[in-house]
Every structure is written in structure tokens, then in C-alpha cells.
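Biologist: Please give me a close look at a single part of this model, one loop of your choice. Then work outward from there and keep it brisk.

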Amino acid sequence: MPALSRRTFAQGALLGLSHWLGVCKPADAYHQPGDGVTLVAEGRPVVTLVTPDTPNDSVHYAAVELSWHIEKATGFQPATVTESKVTSTGLGKTHIFLGDTRFARKAGVDFDALGPESCALRTVGRHLCIAGHDTSGSPVDVNTSAGTLFGVYELLDRYFAVRWLWPGELGTFVPKAESVVVPLQDRVVTPRFMQRQVRTGAGLRTKDHPEMGFTTAAAEDYMNAQAAFLRRNRMGRRIPAKYGHAFVDWWRQYGAEHPEWFQLVNGKRGPSRLGGRFSMCISNAGLHEEIVSQWRQHGGDRPGHLPTFVNAVENDVPGQCECDVCKALDGHEPPNYRKFIPSKSKLASKPFVSDRYARSWQAIQQNAAKYNSNAVVVGYAYMNYFAAPTSGVKLGPNIMIGFCPSSWFYPRSGDEQDWMKAQWRGWADTQAKLFMRANYFLDGYC
Ligand SMILES: [Zn+2]
């Protein structure tokens, strides 16, 4: 059964509404077997929610979420019980079995075959199983696999036409439901993207940012509502990717012993001024060895099926090394490159260095692959290595690149937008895996 395609938001709002209208049936339709499982009839829920006897936090939360939305849709709260409370005579009525229940297993749901964040949606007689891959941890944490919860949102999105437009109850659109019938089905839903994530800003404290205008209590309420909202829109990830500017503290730690790992600028290794930011001598083989060695010390070379990430993301500055080895790796500057660098940008005076980074990530990846074939090197397309490489370098899927259009133009002209897309396509042509790693709403067009 193919995974259900996720729709764009605008399409979803329209399609979802028409789908909801499409499943409206005459009030007595739910007595007819064979055409689906009736969850709401004559404006009332006709279903009992069932959790395992000891549901984990995520499945418990899934039941609470489903119950809350059904109550919003009908004005009536459906009963929720644990599985031991369901008698065989009780099964004459419709139930939704949530998570890893005996019922779901008996119905043939293979929990071992469900990947992270996946959920089986299966109608069984007059019942519905929503049975996902669930791990422990907070249900709203992006690192918790909450397949059952995502299955609940799939149900609410598709058959109740619920839309989560902004955090909080006011932004939660739940149409009144007269009749909801779920078609017979046996499918597995999994988010299409392996990572869907928006930074929450939850680390911002109101006392440090009074301009936000929140009291501490209001900020906490907002963050809770936002966390629920993001999860309802299936934010999460199924890879344990760790990345970010990797070498921020390295000059202090290693500068004295290994100045050759650091940028050479005006004949001097390391930061141009005391305490200043610096880039690396990214082509340096000794640096590559150290990056891989530290990854191994953190267990990167332990055998396993999951990708293991080698963080090779440059510091938060342009790539500046002037050494001959770095320069030898550079590709030619694209002919239209300067046209798209704002003249006041700190990049205006910097060379185009994308190929040296691409080829250095490749060298690091080849080194790490000697210890673990699942090694994935992470870099950013950013600053003066944002534009796509020009040397024809092929990187392959074990290099993952965060596409970071930070502080470029806003608003964008058609030309600028086309150029931006061409850079994405150019990096995609290296066959690396790409992810969007924009910095700001509007400014970064995320
Ligand atoms: Zn260098």
C-alpha cells in the first residue's frame, strides 16, 4: 500500500473540506455494513476510543487529542477506555483502537515492520485501528516517534477536515460534524520528509526580551500551544541528525598545537583578531582526520542500520582560507555570481569557495566510510559557499547539505528567485541529500 501523499496546505484545506462533504451520508447510513466505519452519526460520536492497558505518553496523548477534537466537532465527548475494559459483547459497537493493542495485533498489524513515525490505519469489521511506531518521550518532542498520534491527526485532517492554522484554540478550525464515515482501508502513513522542523524560539526568555510583550505565564501558555500546533502539523524527524557550526571553540582548544587546521588570512593562521570568528582550512587532511576521530569517539563507527552523522559544518563566517591547497580545490566563479550578492553584503569582497567545501566534505565522508558505511557528512550551503559548485563534483547521498539562504534579498525579484532555485538544483545535481535550513521567516523565504 503506497504511503498517502501529503498535500500542500492550500490544497489540503480545499481537498479536505470536499472530502469531508463527500463522506456525509444520510443519517441511517451507518447501520449499513460494508461501506466504511461510522464514527459520527446524527451529530453524535458513535465510537469508543481504546488505548492499551498501559499506554505510553504518546498514545495517551493521542487519545486525549482525538477525544478533544471529536468533542469540538460534535459537542459530545466519546468514551475512552483501556483495552481490558472492552468485552466481547461491547465489540458489537464501534471502537478506535489506538497504539499497540491486542486487538491490533490480532488484526495482523505488524508493529515490527512499522518504521519510525509510521502508522497503520486499518479498518477491521466495524472497528478502526490506528497503530503506530511509538517511542517513549514527550509526545510533542520532535525526537519522539509518535506514529499513533500522527495517525490520529491523519484521521482528523482527512475525515473531520480539521485545520490547525495557528497555535491555540482560535487557530484550530474544527467543522461541525453530522456524519463521519471512514472508508474501509488498510494503509500505512509516514511523513514524506524525514525531517520537518521549525525552530520554536522556546529558548527566548521574556525577561531577556521584554519587547515580546509576554508575561512569563503568557509566554509559557503560548509555547505549550505552539508545541501542540507544530505537532498537529506533523513536525518531527526520524533521523537523529546532529549538526550546527562545528568548530566554534576549536581555536582555543587546538590552535596552539594545530594552527594548520585553521584559516590562513594575510599570511596568518587563525582568527584575524583576538577572540574573532574564524573559518577552517577546510581542505586540511589532518583536520579531516580529527573530525572523523571525534565522530568515532562519540560512537559514530558503531555498527547499525541508522545513518550516523559527521558534523562538518563550517563556523558562522565566510570561508576565508587563502592557502594554496584550499584555493586549488575552488571551481570557477559562475559568470552571474556577483549580480546576486548585495553590494553591502560581507560576501561582496569574498571569493566563491563552494567547490572547496564540497570536495572537503567528500574527503571527510570517504575517510569516515572506512569505519562505517552509514556515515553521513553534514555541511551547509551558506555564505560564500552557498552558490552551487561549478567543478562537476559528485557527492552522493552520504553527504547531507543544509541549504541556508541567510540574509539574502527580500523581497526577491523574479530573477533573484530563479537564481535561488538554480542554486538548489545545482547542489541537488551533486546527488547530495539536501535539507532546507533557512534562518528567518520572510528574510529566508522559509
Ligand atoms: Zn586552507
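Modeller: Helices and strands here are DSSP runs, numbered from the N terminus; a helix has at least four residues and a strand at least two. Keep in mind that this is a predicted model.

My choice is the loop between strand E1 (37–41) and strand E2 (44–45), where glutamate 42 lies. Look at the backbone. Glutamate 42 has a phi near 50°, a positive value, and it is not a glycine. Most residues other than glycine have a negative phi. What about the solvent? The cut-off for exposed is over 50% relative accessible area. Glutamate 42 has 52% relative accessibility, so it counts as exposed.

Now take glutamine 431. Its place is in the loop between helix H10 (414–428) and strand E19 (433–436). Glutamine 431 is not a glycine, yet its phi is positive, about 70°. Its relative accessibility is 48%, so glutamine 431 counts as partly exposed.

Next, the fold around these loops. The protein has ten helices and 19 strands. Of its 446 residues, 49% count as buried. Take contacts between residues at least 6 apart in sequence: 73% of them join residues at least 24 apart.

Two helix pairs deserve a look. Two packed helices are described by the angle between their axes and the distance between the axes.

Start with helix H2 (residues 57–74) and helix H4 (residues 147–159). Their axes come within 8 Å and cross at roughly 15°. That angle makes H2 roughly parallel to H4. H2 gives Ser58, Val59, Tyr61, Ala62, Glu65, Leu66 and His69 to the contact, while H4 gives Thr148, Leu149, Val152, Tyr153, Leu155 and Leu156. The crossing of H2 past H4 is right-handed.

Histidine 69 of helix H2 rewards a closer view. Its relative accessible area is 0%, so histidine 69 is buried. Leave out residues up to four places away in sequence, and histidine 69 touches Leu156, Val162, Trp164, Thr172, Val174 and Arg232.

The second pair is helix H7 (residues 285–297) and helix H9 (residues 354–369). Here the axes come within 9 Å and cross at roughly 45°. H7 and H9 are therefore oblique to each other. From H7, the contact uses His288, Glu289, Ile291, Val292 and Trp295; from H9, it uses Ser360, Ala363, Ile364, Asn367 and Ala368. H7 also passes H9 in a right-handed crossing.

Last comes the metal. The zinc ion has four protein donors, the SG atoms of Cys281, Cys321, Cys323 and Cys326, at 2.3 Å from it. Along the chain, these donors follow the spacing C-x39-C-x1-C-x2-C. The angles among the four donor atoms are 103 to 114°, and the zinc site is tetrahedral. The ideal angle for four tetrahedral donors is 109.5 degrees. Two of the cysteines, 321 and 326, are buried.

One pair of residues closes the tour. Lysine 268 sits in strand E15 (residues 268–269). Its relative accessible area is 43%, so lysine 268 is partly exposed. Lysine 268 and glutamate 322 are 54 residues apart in sequence, yet 9.7 Å apart in space, C-alpha to C-alpha.

Notes: Residues numbered from 1 in each chain as written. Predicted model: local features only at pLDDT ≥ 70, side-chain atom pairs only at ≥ 80, totals over all residues. Heavy atoms only, no water. Donors = N, O, S within 2.8 Å, 3.2 Å for Na, K, Ca; no water. Tetrahedral: all angles 85-135°; square planar, octahedral: opposite > 155°, others 65-115°. Buried < 20%, exposed > 50% of the residue type's maximum accessible area, 1.4 Å probe, protein only. Axes fitted to C-alpha atoms, helices over the stretch in contact; angles between N-to-C directions. Parallel < 35°, antiparallel > 145°, perpendicular 65-115°, else oblique. Left-handed = near helix turned anticlockwise from the far one by under 90°. Contact = heavy atoms within 4.5 Å.
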